[in-house]
Amino acid sequence: MASVGATRPSGLGWNRDTAILALLSFAMFTVSLDQYIVVVALPDIALDLGYSAQTLQSVISAYAVSSAGFLLLGGRAADLLGRRRILATGLALYAAAALVGGLATAPATLLAARAVQGLGGALVFPTTLALINVTFREGRVRNRALGIWGGAGAAGLVVGVLLGGLLTHAFGWEAVFLVNVALAVPALLLAFVLIPRDPRRDRTRRFDLPGALSVTLGVTLIVFALVQGPGLGWLSPGILLSAAAGLLLLAVFVLVERRSSDPLVPPRLLANASLVTSVVIGFMFMATFGSVLYFLSLHFQQVLGYDALETGAGFVVPTAVVVAGSTIAGQLVTRFGLRRTLLGALAVGAVGALLLGAAVSPDGSYAELVPGLVALSAGDGIVFTGMFIAAGTGVSDRDQGIAAGIASTGSGMGAAVGLALLVLVATAGLDGLTGQQLREGTAQGISDALFVVAAGIALTFLVALFRLGEGPRAASLPPRQGRRC
């Protein structure tokens, strides 16, 4: 975004780049917040808008399906159409949809708003990551910047549940949507103030529209099948048709990419071992760590009997630990290397999931959950930042947007797959149970799901052990000259 030959900053001080980092981290926090802020408000939403127990989960899945489907498109659009332009578009869509959601009086209106919010988030997420990677040079400074950005994103996931409980208790469920308007609008305005104007579009680079449409629709249909499968039945016609159509469209995408002169996913990125491994780790991270918040919320409300405010308060401890872990992750990577940092965090996270699974019981207390919560949250925060450091390593500035889109699509798919499978584990044997038996069965199911999470984290540890190199750790990389955009 600056002229060719500009030197990237060698440190984080009081300068324009630090202000940009603060804005991008705030934008990341805002869109991450919305993934779970409505979880605690779901009972009130169901009561006011008339959702059934079978359709209520669609309030969550509408966002997840839309977000996962458009991440690749958002990342590539940022590279080709301008990163400030795409960031502003995403924030505008996000704010407008949040306003509509807060004013919704019918289920269909709310679902449409959630889908558009997911689209906005899919534009913002990869664009913020790409902007950081082209603003700060690879190595110590970028690691620190991504630590701050990752801390904001990880915090948004956990703070969403905490803030959702507080807002629902004080103002009603509408507030969990309207708060996003108050957050996104200032970020939108500041984007035009702080982020330099996009350079003129390079007309030699084409937007692979057939590839973008096929992969976007294909991923969307597959995520829809994974999210709705547990509720509608895996063998129901709609789920089978959606999955088949999604796989067919992904096959079409592969054929289109092979024939494209400027493919949506350049082959050189698929040769980047760090990026490919980050996609695998991101998928498994969201399938495991990323699913825990949902089951914790169920445990607090359905097993321990917490109200919305108490449920929100229950997330104070994991919030603080996740933020701390994400923020220091960049410094840990610089000092110990990416591989060792991720291995240590994954080992701690697996132990935390085991402790948490053992502590979940219908007669347990919050204090018994704390050791597991702390360990799991520490691993969560560090891995979240570390996997996105890996995603941008060795990637040129011109491809940072699509690289971010690839990595975030992997994590979005992981979230859908993980939650779908873990819900099956957690709800097995609950049919026909009521009262105390249902409460005890729910606790057992959540405990079983957490043990599966621990196994999944252990598998992720093996992936990092055998697939990941040391990655960026040097604190003394020479300053790089390049184009900031």
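Four nonpolar and four polar residues make up the lining of the second largest cavity in this predicted model, with no charged ones in the mix. The residues in question are V31, S32, Q35, Y63, S67, G121, A122 and F125. As for where they come from, α1 (16-33), α3 (58-81) and α5 (107-135) each chip in at least two. Of the helices around the second largest cavity, α5 gives the most, with three residues. The space inside this second largest cavity comes to about 40 Å³.

Now for the other one. Counting cavities of 30 Å³ or more turns up two, and the largest holds about 130 Å³ of space. Its lining takes in 15 residues, and those that lie nearest the centre are V158, F289, V292, L293 and D380. The make-up here is 12 nonpolar residues, two polar and one charged. Asp counts as charged, so D380, one of the residues nearest the centre, is the single charged residue in the lining of the largest cavity.

Four helices each put at least two residues into the lining of the largest cavity: α6 (140-171), α11 (273-303), α13 (316-336) and α15 (366-392). Top of that list is α11, which gives the most, at seven residues. Going by the residue ranges, V158 falls in α6, F289, V292 and L293 fall in α11, and D380 falls in α15.

Methods. Residues numbered from 1 in each chain as written. Predicted model: local features only at pLDDT ≥ 70, side-chain atom pairs only at ≥ 80, totals over all residues. Heavy atoms only, no water. 1 Å grid on protein atoms, 1.4 Å probe; cavity = no way out; pocket = protein on both sides within 12 Å on 5 of 7 lines; lining within 4 Å. Points joined across faces, edges and corners; volume = space filled by probe spheres on them.
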